[in-house]
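Me: I would like to learn how to read the fold and the aromatic contacts of a protein model, going from the whole chain down to single rings. Could we begin with the contacts?

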Amino acid sequence: MSKNILYVYITSILKKIFPYVMRVLEKPLILAGKFAGSFFTPFFRSQLFFLFPFYHIGGAEKVHLKITGCLKEYNPIVFFADKSKNSALKKQFMQNAKIFNLGYLNNPLLIYFWVGVLSTVFNSNKNCTVFGCNNLLFYRLLPYLDPQIRCIDLIHAFGGGIENFSLPYVNRLDKRIVINTRTLNDLKNQYHSNGITEKMNDRIFLIENCVQIPKKIRKKKNGHTLRILYVGRGTEEKRVHLIGEISQICHKKEMPVEFILVGDIINSIPEEHRKYCNFLGEIADEKRVSEIYDNSDILLLVSRYEGFPLVIMEAMAHGVVTISTDVGGISEHIRNGYNGFLIKNESEGLIVKNVCNVINELASNEHLMEKISTEAYKYAKMNFNCENFCSKYRNLVLGK
């Protein structure tokens, strides 16, 4: 038996027995965690706790940073449940809250130990609020929290799996926040399909994200090369490989465009397409990101699923024209041909073809480009206001 076959065989056996091992270890790990937590409680005094996954760069992470910023006067404590790729937003989180990183110490085997620790810490802070998003530790923790503790979660998008994992804990969630109407309706449909009473629908609240809006947008130069921008992760649902393919086609058709990619994504682009793209890597400096938007013309997204991406809001705030697959809550804000372009989420081949057609149209029609850019900025200025965002989060989280 070769080493590879042996490895696969052993791995498959471990996967099968792991759930049984965890059932045996769950109670001892929780008890050990509670014992450890009893020593930590004097150092964690607050009425507001957050459990977020990461502090590396990402749209969700930027939203979490804004939420803590809205509530920093209440001295929140943030626990990061998973291992971050880098510390890009760490210092900014530290300006809003006390932070503690469990990522290096948390894994599927130790998760119940941390359930014990955190449940002891939180239960010692009577009538506190625990707010979680995008991590399994938060949901595992819920059954061990005292009834008087208010529990709130935030769901960025429906389709990533967390909505299914969280389903058994619906009754323990006092409030649930979604960022678009599509996810609101998806949750209600999920409840209905699983026999959850309609009364639980009243616990779901819509709070759309926000971005800082420049006082005015930088005018694009007529006749210049269109700069097409992608900002984000290189994960599977983003389908960044299609952007590489689109860049190659545009180059071969000699369209006056260049592709700028921001994020840790070079390995998500096929090697034969990389020469048609400019990779800037991850950028944490908000001023630098703002400059990139100012000097870009088109934001391109070809995701399989989304909520409503923060990058679209940021792009519209800078008058950048969005071309995106019509997924999640994007169509709630983008009107096709008016303040952006929506591409049907069909086969990958058709997506590539239709995106290239839109890029070609914009490259040959400066008036259309300028018109849609202006409408995008106007829409962002009217709808993505951070004052309203903070007001809604304060009222909901603090129970006002």
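Reply: This is a predicted model, and a useful starting point is how far apart in sequence the touching residues lie. Among contacts between residues at least 6 apart in sequence, 69% join residues at least 24 apart. The protein has 13 helices and 13 strands.

Me: How should I read the radius of gyration of the protein against the globule rule?

Reply: The radius is set against the value that the rule gives for the chain length. Here the radius of gyration is 23 Å, close to the 21 Å that the globule rule gives for 400 residues, so the protein is as compact as a globular protein of that length. Along its principal axes, the C-alpha trace spans about 70 × 65 × 40 Å.

Me: What share of the residues is buried, and how much area does the protein expose?

Reply: A residue counts as buried under 20% relative accessible area, and by that criterion buried residues make up 50% of the 400 residues. The protein exposes about 19400 Å², of which carbon and sulfur atoms supply 53%.

Me: How many aromatic pairs are there, and why is the pair of F52 and F131 classed as it is?

Reply: Ring pairs are judged by the distance between centres and the angle between planes, with angles over 60 degrees counted as edge-to-face. The count comes to 22 aromatic pairs. In the pair of F52 and F131 the ring centres are 6.1 Å apart and the planes stand at 70°, so this pair is edge-to-face. Because F52 lies in strand β1 (residues 48-52) and F131 in strand β4 (residues 129-133), the pair ties together parts that are 79 residues apart in sequence.

Me: Are F52 and F131 buried or exposed?

Reply: F52 counts as buried because its relative accessibility is 0%, and F131, at 0% relative accessibility, counts as buried as well. F131 also forms an aromatic pair with Y393, a tilted one with 6.4 Å from centre to centre and 45° between the planes. Since Y393 belongs to helix α13 (residues 386-397) while F131 lies in strand β4, this pair ties together parts that are 262 residues apart in sequence. Y393, like F131, is buried.

Me: Which residues form one aromatic cluster with F131?

Reply: The cluster consists of F50, F52, Y55, F80, F93, F131, F389 and Y393.

Me: Which charged residues lie over the faces of F205 and Y338?

Reply: For such a contact, one looks at the position of the charge relative to the ring. K175 lies over the face of F205, at 5.8 Å from the ring centre, and R335 lies over the face of Y338, at 4.2 Å from the ring centre.

Notes:
Residues numbered from 1 in each chain as written. Predicted model: local features only at pLDDT ≥ 70, side-chain atom pairs only at ≥ 80, totals over all residues. Heavy atoms only, no water. Phe/Tyr/Trp six-rings, centres within 6.5 Å; stacked < 30°, edge-to-face > 60°. Helix = DSSP H or I, 4+ residues; strand = E, 2+ residues; numbered from the N terminus. Buried < 20%, exposed > 50% of the residue type's maximum accessible area, 1.4 Å probe, protein only. Lys NZ or Arg CZ within 6 Å of the ring centre and 35° of its normal. Rg over C-alpha atoms; globule rule 2.2 N^0.38 Å. Contact = heavy atoms within 4.5 Å. Areas by Shrake-Rupley, 256 points an atom, 1.4 Å probe, with all protein chains shown as cover.
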